[in-house]
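Hi everyone, thanks for making time. I'd like to walk you through a structure today, so have a look at it while I talk.

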Amino acid sequence: MELRQMQYFLCLAEEKNVTRAARQLNIVQPALSMQIAKLEAELGQKLFDRSVQGMNLTSAGEALVRLTAPIVRDAEYARQEMAQLGGRISGRVSVGLITSVAQSTMASSSATVASRYPEITLSACEGYTETLVDWVNTGQLDFALINVPRRKTPLAAHHILDEEMVFACRKDSPLKPPAKLRFDHIANFDLVLPSKRHGLRLILDEHAAAIGIDLRPRLELDTLPALCDVIATTDFATVLPTIALRQSLANGAIRAHRFDAQRIVRSIAWVHHPRRAVSVAAKAVLDVIGRDLAQAAAAAREFVEPSSGRKRSPARRESRKPPGRTG
């Protein structure tokens with residue numbers, strides 16, 4: 001099996017479409033189809049189920065992804081390191097991000113990477129923490145930004161930032177949280193929260209269990225922009241990290257309050273496989289994302305009401321400008 005065949009196979013496995021994969025590889029479709037057929041004949045295994053919906057991996061194809069992805073990553077790493085000797089940072093970088101990160105900073109981060117590192121090809125996806133950990137472990141991603149998991153993972157983890165989770169409701173909502181807001185007070189509100197599949201919900205449920213309350217949201221939404229829209233247009237309330245609320249806070253659609261006690265902090269880390277080197281290109285991408293994320297979190301914090309319940313002065317409110325795109 002040649003390295004080129006592995007690259008073709010992995011690209012098709014990712015794209016699930018011959019046309020898109022051929023375009024990504026900069027080859028014609030018949031050439032890609034021929035290489036995949038040759039690979040299947042060589043291995044004596046059917047790697048894809050072909051249907052009108054696209055190309056889906058068979059069980060043999062899934063096994064081959066696990067076996068070949070680390071090999072291709074290592075070959076790409078070697079190529080990038082040699083290129084760096086000539087002063088260039090280049091190569092393909094695959095990164096996974098939890099939704100709250102992807103939807104708050106990925107647009108600006110990817111634009112910065114494209115302008116600053118024109119020879120880097122960036123592939124980014126979003127998902128739940130457990131899914132991203134699995135993809136990094138099998139070599140499908142170079143690294144991922146995740147909520148720090150409560151369970152031990154086989155990956156190497158590096159802390160990026162801690163972020164406060166806050167109570168939020170519509171700007172002109174009649175909801176009046178107590179002046180000294182505690183986490184157990186949220187049980188008295190109609191809540192919309194992420195589902196139990198979501199890492200943020202796991203954090204909330206753990207804190208609720210620790211103080212003896214049961215969270216029973218009336219609505220569950222894992223798409224955070226949609227959740228923020230619900231908060232901005234109804235009398236529901238939520239508890240989310242500040243960056244997930246940043247846009248709605250900046251445009252004045254919602255208001256957010258810190259907890260006076262029982263504060264909740266979620267930690268974000270980046271993870272990679274401990275036996276696979278992190279390329280120079282991947283480190284460059286990580287540096288951009290990390291800075292953008294820290295700036296977004298700092299900007300969002302400026303819009304959150306103090307935990308004491310005391311309002312900021314009107315003059316100070318007017319002096320603050322909504323944060324623009326970072327990058």
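Before the tour, one bit of vocabulary: when I sort residues, Ala, Val, Leu, Ile, Met, Phe, Trp, Tyr, Cys and Pro count as nonpolar, Asp, Glu, Lys and Arg as charged, and the others, Gly among them, as polar. Also keep in mind that this is a predicted model.

Let's use that vocabulary straight away on a small space. The second largest cavity holds about 40 Å³. Its lining is made by Ile98, Thr99, Gly127, Tyr128, Thr129, Asn147, His198 and Gly199. Sort those and you get 2 nonpolar, 6 polar and no charged.

Okay, stepping back for the overall picture. The chain has 327 residues, and buried ones make up 49% of them. There are 11 helices and 12 strands. If you follow the C-alpha trace along its principal axes, it spans about 70 × 40 × 35 Å. And here's a number about how the chain comes back to itself: among contacts with a separation of 6 or more, 75% are between residues 24 or more positions apart.

Now, back to empty space. How do we find it? Rolling a probe the size of a water molecule over the atoms shows where empty space is left. Here that turns up 2 cavities of 30 Å³ or more. You've met the second largest already, so what about the largest one? The largest cavity has a volume of about 190 Å³. It has 17 lining residues, and Arg73, Asp142, Arg276, Ala277 and Val278 are the ones nearest its centre. This lining splits into 6 nonpolar, 5 polar and 6 charged. Helix H4 gives the largest share, 5 residues.

Then there's the largest pocket, with about 960 Å³ of space. Which residues sit closest to its centre? Out of 29 lining residues, those are Leu10, Cys11, Glu14, Arg73 and Gln140. You may recognise Arg73, which was also among the residues nearest the centre of the largest cavity. Several elements chip in at least two lining residues each: helices H1 (3-15), H2 (18-25), H4 (59-85) and H6 (129-137), plus strands S3 (91-97) and S4 (120-126). H4 has the largest share here as well, with 7 residues. By type, the pocket lining has 13 nonpolar, 8 polar and 8 charged residues.

Right, from empty space to packed space. The largest nonpolar core has 38 residues, and the ones touching the most other members are Phe167, Phe183, Ile186, Leu204, Leu215 and Leu245. Elements that give at least two residues to this core are S6, S7 (192-193), H7 (199-210), H8 (224-233), S9, H9 and S10 (254-257). Another core lies apart from it, with 35 residues, including Val93, Leu97, Ile268 and Val271.

Let's zoom in on a few of those elements. Strand S9 covers residues 237-241, and 5 of its 5 residues are buried. It pairs with strand S6 (residues 156-170) in the antiparallel sense, over 5 bridges. In that pairing, Ala168 stands opposite Thr238. Helix H9, residues 242-250, is mostly covered too, with 8 of 9 residues buried. Among the buried ones are Ile243, Leu245 and Leu249. Just after H9, Gly252 takes a positive phi of about 80°.

To finish, two residues worth finding on your screen. Phe189 is in the loop between S6 and S7. Is Phe189 buried or exposed? The cut-off for buried is under 20% relative accessible area, so at 15% Phe189 counts as buried. Leaving out residues up to four places away in sequence, Phe189 touches Phe167, Leu175, Pro177 and Ala237. Phe167 has its own list of partners, including Leu181, Ile186, Val239 and Phe259. For a sense of scale, the C-alpha atoms of Phe189 and Arg20 are 47 Å apart.

The second one is Ile146, in strand S5 (residues 143-147). Ile146 has 0% relative accessibility, so it counts as buried. Which residues is Ile146 in contact with, leaving aside neighbours within four places in sequence? The partners are Ile98, Thr129, Leu132, Val133, Ser267, Ile268, Ala269 and Val271. Gly96 is 50 residues away from Ile146 along the chain, yet their C-alpha atoms are separated by 8.3 Å.

That's my tour, thanks for listening!

Conventions
Residues numbered from 1 in each chain as written. Predicted model: local features only at pLDDT ≥ 70, side-chain atom pairs only at ≥ 80, totals over all residues. Heavy atoms only, no water. 1 Å grid on protein atoms, 1.4 Å probe; cavity = no way out; pocket = protein on both sides within 12 Å on 5 of 7 lines; lining within 4 Å. Points joined across faces, edges and corners; volume = space filled by probe spheres on them. Helix = DSSP H or I, 4+ residues; strand = E, 2+ residues; numbered from the N terminus. Buried < 20%, exposed > 50% of the residue type's maximum accessible area, 1.4 Å probe, protein only. Pairing = 2+ DSSP bridges. Core = buried A, V, L, I, M, F, W, Y, C linked by side-chain atoms within 4.5 Å. Contact = heavy atoms within 4.5 Å.
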